[in-house]
Amino acid sequence: AGGSVFECKEYLFKVLVIGELGVGKTSIIKRYVHQLFSQHYRATIGVDFALKVINWDSKTLVRLQLWDIAGKETLIHFSHVTLGQERFGNMTRVYYKEAVGAFVVFDVTRGSTFEAVSKWKHDLDNKVKLANGSPIPSVLLANKCDQKNDSSNNTTLMDNFCKETGFLGWFETSAKDNINVDEAARFLVENILAND
Ligand code: GTP
Ligand code: MG
């Protein structure tokens, strides 16, 4: 009688991490998966992958497959090919396929990266949808909050922006000081599980 202790649900979720060049996508993933941080910047080329296994509760195992997507399109040139140069331009449609959640990241020290958030969100919503046709759950990350020197409070502004743009919510994060990275991931996974 009752559920067996061996009953366990396992999930594999593909989650995208997108945003402008150098905002800290790779660093957030490194922090979350390996508890590492490096000041050294090496731009991601194309896409990288990382896997985070979460013992969600006593009978739920979640595998997060994190897709770390380059902030800048990679141009691949075949200059020797007689047919001319091939441009593998915007690969995001391919990368986004079958994703069930996303983080959109910006850098709090560079306003232009926040201005680009709408563009990334738009791209996301246009290229991937849940089976029922609704947008995939997405969370906005205001990264490098360790570098914020003014203590200005943009909470209402950010809440409204999220509502308008269709983000579930936002977190101030620091990959460097390990602020809110786990919390943001937990929040996204909760929402992905709710869609299951
Ligand atoms: P692309 O792969 O080029 O799109 O960049 P990215 O978004 O993956 O950025 P990346 O994680 O490589 O970080 C860029 C730079 O910002 C690196 O020098 C990091 O050390 C630094 N950085 C990332 N996160 C933080 C943070 O939370 N705080 C501080 N102070 N620096 C950070
Ligand atoms: Mg990167």
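**Notes on the predicted model and its ligand**

1. Starting with the overall layout: from the N terminus on, the elements of the protein run β-α-β-β-α-β-α-α-β-α-β-α. That gives six helices and six strands. Keep in mind while reading the rest that this is a predicted model. As for burial across the protein, 41% of its 196 residues are buried.

2. Now the ligand site. Ligand 1 occupies the space that is the largest pocket. There are 23 residues around ligand 1, and the ones that come nearest are Lys25, Ser27, Ser38, Gln39 and Tyr41. Sorted by class, the shell around ligand 1 holds seven nonpolar, eleven polar and five charged residues. Which element gives the most to this shell? Helix 1, spanning residues 25–34, does, with three residues.

3. On to the contacts with oxygen atoms of ligand 1. Ser38 uses its backbone here: a backbone N or O atom of Ser38 lies 2.7 Å from an oxygen atom of ligand 1. Val23 also comes in through the backbone, with an N or O atom 3.3 Å from an oxygen atom of the ligand. With Ser174 the side chain takes part instead, and an N or O atom there is 3.5 Å from an oxygen atom of ligand 1. How much of ligand 1 does the protein bury? Taken alone, ligand 1 exposes 650 Å², and the protein buries 94% of that.

4. Two of the serines that come nearest to ligand 1 deserve a look together, namely Ser27 and Ser38. Ser27 is in helix 1. Is Ser27 buried or partly exposed? Ser27 has a relative accessible area of 23%, so it counts as partly exposed; the buried class would need a value under 20%. Along the chain, Ser27 and Ser38 are eleven residues apart, while their C-alpha atoms are 7.4 Å apart in space.

5. Next, a lysine in helix 4. Lys121 has its place in that helix, which covers residues 117–127. Why does Lys121 count as buried? Because its relative accessibility is 2%, and the cut-off for buried is under 20%. What does the side chain of Lys121 make a polar contact with? Its partner is the side chain of Asp125, at 2.7 Å. So if you click through helix 4, you have a lysine that counts as buried at 2% relative accessibility and whose side chain is paired with that of Asp125 in a polar contact.

6. Two strand residues, both buried. Ser138 lies in strand 5, residues 138–143, and counts as buried because its relative accessibility is 1%. Val47 belongs to strand 2, residues 47–57, and is buried too, with a relative accessible area of 18%. On chain separation versus distance in space, Val47 and Ala70 are 23 residues apart along the chain, with 5.9 Å between their C-alpha atoms. For Ser138 and Thr26 the separation along the chain is 112 residues, and their C-alpha atoms are 17 Å from each other.

7. A couple of backbone angles to check by eye. Glu98 has a positive phi, near 65°, in a residue other than glycine. Where is Glu98? In the loop between helix 2 (92–96) and strand 4 (101–107). Glu98 counts as exposed because its relative accessibility is 65%. Lys144 is another residue other than glycine with a positive phi, in this case near 70°. Lys144 is in the loop between strand 5 and helix 5 (155–165). With a relative accessible area of 23%, Lys144 is partly exposed.

8. Last, the helix that follows the Lys144 loop, which is helix 5. Thr155 has its place in helix 5. Thr155 is partly exposed because its relative accessible area is 33%, where partly exposed lies between the 20% and 50% cut-offs. How far apart in space are Thr155 and Leu168? From C-alpha to C-alpha they are 14 Å apart, with their positions 13 residues apart in sequence.

Note on methods. Residues are numbered from 1 along each chain as its sequence is written. Chains are lettered from A and ligands numbered from 1 in the order in which they are written. This is a predicted model: local features need pLDDT of at least 70, side-chain atom pairs count only at pLDDT 80 or more; totals for chains, interfaces and linings use all residues. Side-chain values use heavy atoms; hydrogens and water are left out. A residue is near a molecule or strand if one of its heavy atoms lies within 4 Å of it. A polar contact is a pair of N or O atoms within 3.5 Å; within protein, one must be able to donate a hydrogen and the other to accept it, and residues adjacent in sequence count only if both atoms are side-chain atoms. Accessible areas come from the Shrake-Rupley method with a 1.4 Å probe; for residues, only the protein chains shown count as cover. On a 1 Å grid over the protein atoms alone, a cavity is a set of points where a 1.4 Å probe fits but cannot get out, and a pocket is an open set with protein on both sides within 12 Å along at least five of seven lines; lining residues have an atom within 4 Å of a point. A molecule sits in a cavity or pocket if more than half of its atoms lie within 2 Å of its grid points. Helices (H or I, at least four residues) and strands (E, at least two) are DSSP runs, numbered from the N terminus. Ala, Val, Leu, Ile, Met, Phe, Trp, Tyr, Cys and Pro count as nonpolar, Asp, Glu, Lys and Arg as charged, and the others, Gly among them, as polar. Buried means under 20% relative accessible area, exposed over 50%, partly exposed in between (1.4 Å probe, protein chains only).
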